[in-house]
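Please work through the exercises below with the sequence and the coordinates at hand. Each task is followed by a solution in steps.

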Amino acid sequence: MPRTALRICPLCEATCGLTLTIEGTTVTGARGDRDDVFSRGFICPKGAAFGQIDADPDRLRTPLVRRDGRLQEATWDEAYDAIVAAVPGLVAEYGAQSVGVVLGNPNVHTMAGALYPPLLLKTLGTRNLFTASTLDQMPKHVSSGFLFGDPLAIPVPDLDRTDFLLLLGANPVESNGSLCTAPDFPGRLKALRARGGTLVVVDPRRTRTAALADRHLAPRPGSDALLLAALAHTLLAEKLAAPGALEERVEGLGELGAALASFTPEAVAPACDLTADEIRSLARELAAAPTAAVYGRIGSCTVEHGTLASWLVDVLNILTGNLDRPGGALFPLSATDRAPRPAGPGRGFTVGRWHSRVSGHAEAKSELPIAALAEEIETPGEGRIRTLIAIAANPVLSAPDGDRLDRALAGLDFMVSVDPYLNETSRHAHVVLPPPPPAQSAHFDFAFNAFAVRNQARYSPPAIPLEEGRMDECEIHARLILAVSGLHGAPPGAVDERVIADTLARAAADAHSPLHGTDPSEQAGRLAGRTGPERRLDMMLRLGPYELVLDDLLEAPHGIDLGPLRPRLPEVLKTRSGRIELLPDPIAAELPRLRTALADRPAALVLVGRRHLRSNNSWLHNVPALTGGSNRCTLQVHPQDAARLGLTDGGRARVAADGGSLEVPVEVTEAVRTGVVSLPHGWGHDRAGARLGVASATPGANVNQLLDGARIDRLSGTAVLNAFPVELTPLP
């Protein structure tokens with residue numbers, strides 16, 4: 001008889017609740033959980049395809065170990081023995097900095113990815129950490145760090161209560177939202193308009209999100225920081241700024257006007273390809289709205305001035321008095337965040353505490369630019385990366401110049417990949433450790449609850465028992481930590497128990513902790529949970545702000561609603577001043593470079609990426625239900641540009657840029673503005689040695705191969721993946 005089980009979807013940031021239909025040990029269907037306290041039954045095509053994703057025949061079932069130059073199936077013991085035989089010796093010979101760690105985007109979608117990589121890094125002692133953040137949201141972390149003293153203090157738009165929403169470089173109808181966890185983002189946008197609110201979308205493409213808007217502005221790509229600076233300038237020059245209660249918490253308000261004096265609407269308009277009246281009108285509407293929120297995402301992050309654009313988003317929220325108030329942009333409070341403590345000055349935030357060995361790139365949030373990974377492997381000398389541990393990462397497709405990185409990976413002394421697939425990156429590994437399918441894993445959203453538009457907590461135990469021969473993903477990580485630390489053979493639960501003991505000891509000594517003054521051993525004995533990860537979750541809930549325990553979540557399978565977002569200032573501020581530092585020195589020092597952009601001669605043609613609803617980076621191209629239709633790797637070109645260049649719909653073109661050229665099919669459409677072409681990311685499944693049967697049948701082209709990695713946002717180290725110049729040539 002079929003049965004049902006509840007599961008939080010791990011396939012994008014919306015974290016929707018699913019009801020799975022299961023026959024035996026197979027997921028045969030998935031629908032939205034109508035009783036889920038957060039998603040209320042919403043589901044997208046990715047969630048509906050959960051069963052196909054779970055049962056993908058190309059998922060690895062056993063570890064792989066390289067023998068005689070070939071990856072061959074092995075036992076778990078053989079896989080970890082191979083790691084023990086290689087990694088500790090290489091570290092002893094070449095030092096801790098000879099090890100690199102790469103964390104891919106899927107890590108934030110699993111419990112294992114949240115709980116164990118920090119322990120692995122601490123064990124290895126390496127500073128060579130590269131993650132998907134420098135291909136995505138690092139500018140927002142850096143700007144939040146400068147403004148609020150905490151790179152994780154990221155305000156999100158209060159979608160359900162705002163009167164005016166300004167979206168830049170975001171297409172949540174397709175992406176389901178990012179750094180803004182909101183199931184049914186499209187429905188929330190429609191509800192905004194239905195209650196009389198206003199939606200303005202700024203995007204060079206006529207996206208499905210733009211189609212919902214009251215007004216769509218299509219500026220020149222890469223000009224987001226200039227547009228935002230002009231909006232802020234207008235608010236200040238016309239005395240429309242009204243920070244209200246925020247004013248007493250802000251430093252630098254008086255200096256901001258002078259810093260932005262050059263960015264008048266008239267000065268900025270030509271560079272943005274908008275009119276000064278359009279810019280000025282938008283600023284006035286933003287100021288006049290009863291409540292408003294400004295939200296920028298990947299299109300405004302992965303450009304040359306991504307950190308300045310991210311900073312200016314919150315400058316506008318501050319100047320209009322909409323930061324930290326209902327209907328504006330607020331700071332979520334996750335159930336596993338630490339309990340609030342008295343406000344006061346903190347350590348502040350800085351970048352550049354160390355630099356990459358070859359090009360001297362500054363670290364940001366303890367990470368180095370992933371665009372620098374290939375040179376750190378290739379370049380001889382002390383500290384060269386010889387050993388690489390890649391966890392849920394496919395940088396050959398996601399990072400710039402995958403061909404160079406592909407060659408570099410082949411030259412490593414040893415590589416470990418934790419990945420369910422033999423993909424374009426993991427095919428280089430000496431050991432591949434495959435996690436089980438998602439239905440066989442427990443789930444709690446440690447990362448995304450910190451960006452949710454409503455406070456809530458939900459936990460999914462495994463929907464299906466772990467299949468014989470599989471290893472739980474958390475155990476895979478724990479054993480990896482033991483293998484590289486000299487404790488190979490110790491029980492994997494020892495990793496979790498060590499974390500629990502250390503955390504409870506610190507909590508007992510912390511005057512602001514709910515467990516202050518208690519006996520750590522006694523508190524450890526009270527923890528519930530069948531596994532180490534469950535015990536750690538229970539501990540984090542007990543140390544959190546809502547007095548929850550794991551049993552509360554187990555007894556509420558549809559989740560616990562913790563209420564709407566609430567003001568949290570000054571509690572969240574960790575700057576050295578204890579105030580919002582509106583014009584931090586690194587930002588002020590970067591503004592002259594932005595001023596030079598006012599006089600730049602724009603390229604005739606620039607490229608931007610795009611997102612498909614039935615895709616997520618390079619993950620889901622191997623799922624039959626999610627292929628075809630609009631989910632295609634085509635180069636979108638405006639009809640006027642197509643006619644000028646001799647391109648035809650359905651024909652082919654060569655697109656060339658800094659890093660090389662690609663041949664791609666052309667899609668002539670008015671969805672892009674003139675002077676702009678668009679090619680989606682995550683494609684290029686044509687490399688020998690990967691085992692992705694469906695994806696390799698329609699491989700597409702890797703757009704990031706057009707880049708050589710030299711273009712980065714200086715403040716954050718984020719690769720410029722959007723708004724870079726290209727040349728097109730029609731092909732026969």
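The exercises concern salt bridges, one lysine, the cavities and one valine.

The model is predicted, so local features need pLDDT of at least 70 and side-chain atom pairs count only at pLDDT 80 or more, while totals for chains, interfaces and linings use all residues. Residues are numbered from 1 along each chain as its sequence is written, and side-chain values use heavy atoms, with hydrogens and water left out.

**Exercise 1. Salt bridges**

Task: Determine how many salt bridges the model contains, and characterise the pairs Arg 208 with Glu 174 and Arg 530 with Glu 534.

Solution. Step 1: apply the criterion, a side-chain nitrogen of Lys or Arg within 4 Å of a carboxyl oxygen of Asp or Glu. The count is 42 salt bridges.

Step 2: examine Arg 208 and Glu 174, whose side chains form a salt bridge at 3.8 Å, N to O. Arg 208 belongs to helix α9 (residues 208-212) and Glu 174 to helix α7 (residues 172-175), so this pair ties together parts 34 residues apart in sequence. Helices here are DSSP runs of H or I with at least four residues, strands are runs of E with at least two, and both are numbered from the N terminus.

Step 3: assign burial, where buried means under 20% relative accessible area, exposed over 50%, and partly exposed in between (1.4 Å probe, protein chains only). Arg 208 is partly exposed because its relative accessibility is 47%, whereas Glu 174, at 14%, is buried.

Step 4: turn to Arg 530 and Glu 534, with closest N and O atoms 2.9 Å apart. Arg 530 is exposed at 64%, but Glu 534 is buried at 3%. Elsewhere, Glu 238, Glu 266, Arg 280 and Arg 284 are joined into one network by salt bridges that share partners.

**Exercise 2. The surroundings of Lys 140**

Task: Establish whether Lys 140 is buried or exposed, and which residues it touches.

Solution. Step 1: Lys 140 has a relative accessibility of 7% and therefore counts as buried.

Step 2: Lys 140 forms a salt bridge with Asp 314, the closest N and O atoms lying 2.9 Å apart. The two residues are 174 residues apart, Lys 140 in helix α6 (residues 138-148) and Asp 314 in helix α15 (residues 306-319). Asp 314 is buried as well.

Step 3: contacts (heavy atoms within 4.5 Å) are made by Lys 140 with Ile 154, Leu 179, Cys 301, Ser 310, Val 313 and Asp 314, not counting residues up to four places away in sequence.

**Exercise 3. The lining of the largest cavity**

Task: State which residues lie nearest the centre of the largest cavity and which elements each supply at least two residues of its lining.

Solution. Step 1: the largest cavity is lined by 14 residues, and Lys 140, Ile 154, Pro 155, Tyr 295 and Gly 296 lie nearest its centre.

Step 2: β8 (156-157), β13 (293-296) and α15 each supply at least two residues of this lining.

**Exercise 4. Val 672**

Task: Locate Val 672 in the chain and state which residues it touches.

Solution. Step 1: Val 672 sits in the loop between β24 (660-668) and β25 (676-678). At 1% relative accessibility, Val 672 is buried.

Step 2: the C-alpha atoms of Val 672 and Val 608 are separated by 9.6 Å, with their positions 64 residues apart along the chain.

Step 3: leaving aside residues up to four places away in sequence, Val 672 touches Pro 204, Arg 205, Gln 636, Val 637, His 638 and Ser 678.

Key
1 Å grid on protein atoms, 1.4 Å probe; cavity = no way out; pocket = protein on both sides within 12 Å on 5 of 7 lines; lining within 4 Å.
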